Amino acid sequence: MFAADVASRALGIELVEAAAGAAVARMRVTGAMVNGHRIAHGGYLFLLADTAFALACNSYGPVTVAAGGDIVFVRSAREGDVLLAQAAERLRYGRSGIYDVTVTRDDGVVIAEFRGRSRTVNGV
């Protein structure tokens, strides 16, 4: 799935590791990703977390999409920061799932917390 994810790859997001129900993705904040306050735009942080979430919930094989997602921004990220998004499955039930993603700087400081809800579908 990640090989076909043009949006994530175009932003330089890398898959660091993947396992059943889990994934780690990495992204460097570029100058094009900062807002008028010179901090990372929240949309890019959401996209990184959403990518890790997608990798984790699709790790079992069947096509799985987001049914919803929420994010809490804890700290700002700045141009040049390397961010890691660590996704972990919390619960799968029927065709649905709940996943948590923690976005940190590479020094371990938490930037954001994301919770995603997934749904397995019969194709896209």
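**Exercise 1. Find the strand that pairs with β5 on the β6 side, and place that pair in the sheet.**

Step 1. Strands β5 and β6 are antiparallel partners, joined by 9 bridges. Strands here are DSSP runs of E with at least two residues, helices are runs of H or I with at least four residues, and both are numbered from the N terminus. Two strands count as paired if DSSP finds at least two bridges between them. The model is predicted: local features need pLDDT of at least 70, side-chain atom pairs count only at pLDDT 80 or more, and totals for chains, interfaces and linings use all residues. Residues are numbered from 1 along each chain as its sequence is written, and side-chain values use heavy atoms, with hydrogens and water left out.

Step 2. Within this pair, G97 has S118 in β6 as its bridge partner.

Step 3. The open sheet has 6 strands in the order β1-β2-β4-β5-β6-β3, with antiparallel pairing. β1 and β3 are the edge strands, each pairing on one side only. On average, neighbouring strands are turned by 20 degrees against each other, direction ignored; the axes are lines fitted to C-alpha atoms, for helices over the stretch in contact, and angles run from 0 to 180 degrees between N-to-C directions.

**Exercise 2. Describe both pairings of β4.**

Step 1. Strand β2 (residues 22-28) runs antiparallel to β4 (residues 82-93), and 7 bridges join them. A25 has A85 in β4 as its bridge partner.

Step 2. Toward β5 (residues 96-105), β4 pairs in the antiparallel sense over 10 bridges. Here E89 stands opposite Y99 in β5.

Step 3. β4 and β5 form a hairpin with 2 residues between them, and G94 in the turn has a positive phi of about 55 degrees.

**Exercise 3. List salt bridges of the model and state how exposed their residues are.**

Step 1. Apply the cut-off: a side-chain nitrogen of Lys or Arg within 4 Å of a carboxyl oxygen of Asp or Glu. The whole structure holds 6 salt bridges.

Step 2. E14 and R26 meet at 3.5 Å, N to O. This pair links distant parts of the chain, with E14 in β1 (residues 14-19) and R26 in β2, 12 residues apart. For exposure, buried means under 20% relative accessible area, exposed over 50%, and partly exposed in between (1.4 Å probe, protein chains only). E14 is partly exposed because its relative accessibility is 40%, and R26, at 31%, is also partly exposed.

Step 3. R117 and D70 form a salt bridge, their closest N and O atoms being 2.9 Å apart. R117 lies in β6 (residues 110-120) and D70 in β3 (residues 64-73), 47 residues apart. R117 is partly exposed at 32%, as is D70 at 45%.

Step 4. D107 and R105 also form a salt bridge, with closest N and O atoms 3.0 Å apart. R90, D100 and R115 are linked in a network of salt bridges.

**Exercise 4. Identify the main contributors to the largest nonpolar core.**

Step 1. A nonpolar core is a set of buried Ala, Val, Leu, Ile, Met, Phe, Trp, Tyr and Cys residues joined through side-chain atoms within 4.5 Å. The largest has 27 residues, and V29, L48, A77, L83, V101 and V103 have the most contacts inside it.

Step 2. β2, α2 (42-57), β4, β5 and β6 each give two or more residues. α2 gives the most, with 8 residues.

Step 3. Take L83: beyond its neighbours within four places in sequence, L83 has contacts (heavy atoms within 4.5 Å) that include V29, L48, A77 and V103.
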